[in-house]
Amino acid sequence: MEHSIWWLFFAIAAGVGVFFSLLIFSKPEKLRRGTPALGVLVLVFSITLIQYVLHWSGNFRSFPHMAGLWKACNYLYGPLLLYFFWPEKEISHTSRLFHFIPFFLLLIAWLPFGVLPTAEKLEWMQHSSPFDTFLLPHHFLLWLLHPAVMVGSQLLYVVFFLSQTKQKAFQPLIALLFTGFVAANATYFILVKTPYFTLLWDYLISLAMTF
């Protein structure tokens, strides 16, 4: 019963995030510059939360189509916030697109798994992680899945965001919240390698990331 309450909470949080994203895009003519990036960011994390809930509740076998995709999503948060903070000409469009390269590389590598029929997906998942399996022919991409690389890339954005002095009133707060998000993400990758990690820690870390 206790676990079900956690699952329900995160499922509701994901639903609120999806609704918030749809609300942002419901009136595109009223969107301020940079706001679409915020909507996409919230949507991406909501999808990640849905993957967490499916994993915790053991329902990935019923819906395995997004398995492993959360790892690629780790490379979206920083670039999307970059769009949100600096939508003007201070950073060129081409330069900002460059930041999305790691995500698209992993997405392309994940697609062979993503297009498999459900039965074949489940068969792959019984033996190994979809990402680890499909990236084996592309060893140069495997390093992108290392926790130190994923968190390290996010820390670079944290340092950049916090170092900016010319920010609007709300931007420092968002930068600090993103710092908390990255800290929680790093805590997960550290604790999961120790004998002290439990499912409760997983819930609490995910709660901090959701906040």
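This briefing walks through the main features of the structure shown above. The model is predicted, and its single chain holds 12 helices and zero strands. Of the 211 residues in the chain, 42% count as buried. Start with the overall picture, then look at one helix, one surface patch, one pocket and one pair of leucines.

**Overall picture**

- If you follow the chain from the N terminus, each element you meet is an α-helix, twelve times over.
- Take the contacts between residues at least 6 apart in sequence: 66% of them join residues at least 24 apart.
- The accessible surface of the chain comes to about 12100 Å², and 72% of that surface belongs to carbon and sulfur atoms.

**An enclosed helix**

- Helix 4 covers residues 77-85, and nine of its nine residues are buried, so this helix is largely enclosed by the rest of the structure.
- You can find these buried residues by name: Tyr77, Gly78, Pro79, Leu80, Leu81, Leu82, Tyr83, Phe84 and Phe85.

**A nonpolar patch on the surface**

- Phe9, Leu200, Trp201, Leu204 and Leu207 together make a nonpolar surface patch of about 430 Å².
- Helix 12, which spans residues 199-210, gives the most to this patch, with four residues.
- Leu200 is a handy one to look up: this residue sits in helix 12 and belongs to the patch.
- With a relative accessible area of 41%, Leu200 counts as partly exposed, because that value falls between the 20% limit for buried and the 50% limit for exposed.
- A general point helps when you look at any helix: an α-helix has 3.6 residues a turn, so residues three or four places apart point the same way.

**The largest pocket**

- The largest pocket has a volume of about 630 Å³.
- Its lining is made of 22 residues, and those nearest its centre are Leu41, Val42, Met209, Thr210 and Phe211.
- Helix 1 (2-25), helix 2 (35-56), helix 4, helix 11 (171-191) and helix 12 are the elements that give two or more residues to this lining.
- Two of these names should look familiar: helix 4 is the largely enclosed helix, while helix 12 gives the most to the nonpolar patch.

**A pair to find for yourself**

- Leu111 lies in helix 6, which runs over residues 101-114.
- Leu111 is partly exposed, with a relative accessible area of 40%.
- Try locating Leu111 together with Leu69: the two are 42 residues apart in sequence, and their C-alpha atoms are 9.7 Å apart in space.

How values were computed
Residues are numbered from 1 along each chain as its sequence is written. This is a predicted model: local features need pLDDT of at least 70, side-chain atom pairs count only at pLDDT 80 or more; totals for chains, interfaces and linings use all residues. Side-chain values use heavy atoms; hydrogens and water are left out. Buried means under 20% relative accessible area, exposed over 50%, partly exposed in between (1.4 Å probe, protein chains only). Contact means heavy atoms within 4.5 Å. Accessible areas come from the Shrake-Rupley method with a 1.4 Å probe; for residues, only the protein chains shown count as cover. Patches are made of residues with over 30% relative accessible area and no salt bridge: like charges are joined within 9 Å, nonpolar side chains (Val, Leu, Ile, Met, Phe, Trp, Tyr) within 5 Å. A salt bridge is a side-chain nitrogen of Lys or Arg within 4 Å of a carboxyl oxygen of Asp or Glu. On a 1 Å grid over the protein atoms alone, a cavity is a set of points where a 1.4 Å probe fits but cannot get out, and a pocket is an open set with protein on both sides within 12 Å along at least five of seven lines; lining residues have an atom within 4 Å of a point. Grid points are joined across faces, edges and corners, and a volume is the space filled by probe spheres set on the points.
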